[in-house]
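Reader: I'm new to reading protein models and would love some company. Could you take me slowly through one part of this one?

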Amino acid sequence: MPTTFVEDLASEYLIDGDEQVRRQTQMKKLCNTCHRSSRVNQHFAKMDNTLVETDKMVYAATQLLLTAGEKGIAEKNQSIR
Ligand code: HEC
């Protein structure tokens, strides 16, 4: 899921949760024409997990940049706030 730089899920200008489910269900139907549904579900579960992990990493890097900006180590106007 796309997140904002402060770890909230991004929502502005994006499709909402219901629409995401609707589209993913539609896409899974296509995958299921060739694959067992267990394999398809496993694929999406793995991808969800990957996104959670990468969101955490981006959040940690963002916090580091903000701290560097506050401490004057990085130029404030180069930080994201
Ligand atoms: C037209 C048939 C077809 C469709 C539709 C299809 N796949 Fe596949 N998929 C394959 C084939 C063929 C392979 C290769 C299998 C192999 O080499 O063992 C594969 C491989 C994979 C693999 C394993 C890749 C790997 O390296 O281990 C995953 C995961 C996968 N598909 C997920 C999906 C998902 C998710 C969708 C829907 C978005 C999808 N597939 C749609 C035919 C299809």
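The part I'd like to look at closely is the surroundings of the ligand: which residues are around the ligand, and which helices supply residues of the shell?

Author: Happy to help! Please keep in mind that this is a predicted model.

Let's begin with the shell itself. The residues around the ligand are Met27, Leu30, Cys31, Thr33, Cys34, His35, Val40 and His43. Sorted by class, five of the shell residues are nonpolar and three are polar, while none is charged. Two helices each supply at least two residues of this shell: H1, which covers 17-32, and H2, which covers 37-70. The one that gives the most is H1, with three residues.

Now step back to the helices themselves. The protein has two helices and zero strands. H1 has 16 residues, and at 1.5 Å a residue they should span 22 Å; the end C-alpha atoms of H1 are indeed 22 Å apart, so the expected and modelled values agree. You can try the same check on H2: its 34 residues reach 49 Å from the first C-alpha to the last, close to the 50 Å expected at 1.5 Å a residue.

How do the two helices sit against each other? Two packed helices are described by the angle between their axes and the distance between the axes. Here, H1 and H2 pack at an angle of about 135°, and their axes are 9 Å apart. That angle makes H1 oblique to H2. The crossing of the two, H1 and H2, is right-handed.

Next, are the residues of these helices buried or exposed to their surroundings? H1 is hardly covered, with a count of zero buried residues among its 16. H2 is hardly covered too, and the count of buried residues among its 34 is also zero. For the protein of 81 residues, the buried share is 0%.

Finally, here are two backbone details away from the ligand shell's list of residues. In the segment before H1 you will find Tyr13. Tyr13 has a positive phi of about 65°, although it is not a glycine. Tyr13 is exposed, because it has 6 other C-beta atoms within 10 Å, and 12 or fewer counts as exposed. Just after H2 comes Gly72, which takes a positive phi of about 80°.

Conventions
Residues are numbered from 1 along each chain as its sequence is written. This is a predicted model: local features need pLDDT of at least 70, side-chain atom pairs count only at pLDDT 80 or more; totals for chains, interfaces and linings use all residues. A residue is near a molecule or strand if its C-beta atom, placed from the backbone, lies within 6 Å of it. Helices (H or I, at least four residues) and strands (E, at least two) are DSSP runs, numbered from the N terminus. Ala, Val, Leu, Ile, Met, Phe, Trp, Tyr, Cys and Pro count as nonpolar, Asp, Glu, Lys and Arg as charged, and the others, Gly among them, as polar. The expected span of a helix is 1.5 Å times one less than its number of residues. A residue is buried if 20 or more other C-beta atoms lie within 10 Å of its own, exposed if 12 or fewer, and partly exposed in between; C-beta atoms are placed from the backbone. Axes are lines fitted to C-alpha atoms, for helices over the stretch in contact, and angles run from 0 to 180 degrees between N-to-C directions. Angles under 35 degrees count as roughly parallel, over 145 as roughly antiparallel, 65 to 115 as roughly perpendicular and the rest as oblique. A crossing is left-handed if the near helix is turned anticlockwise from the far one by less than a right angle, and right-handed if clockwise.
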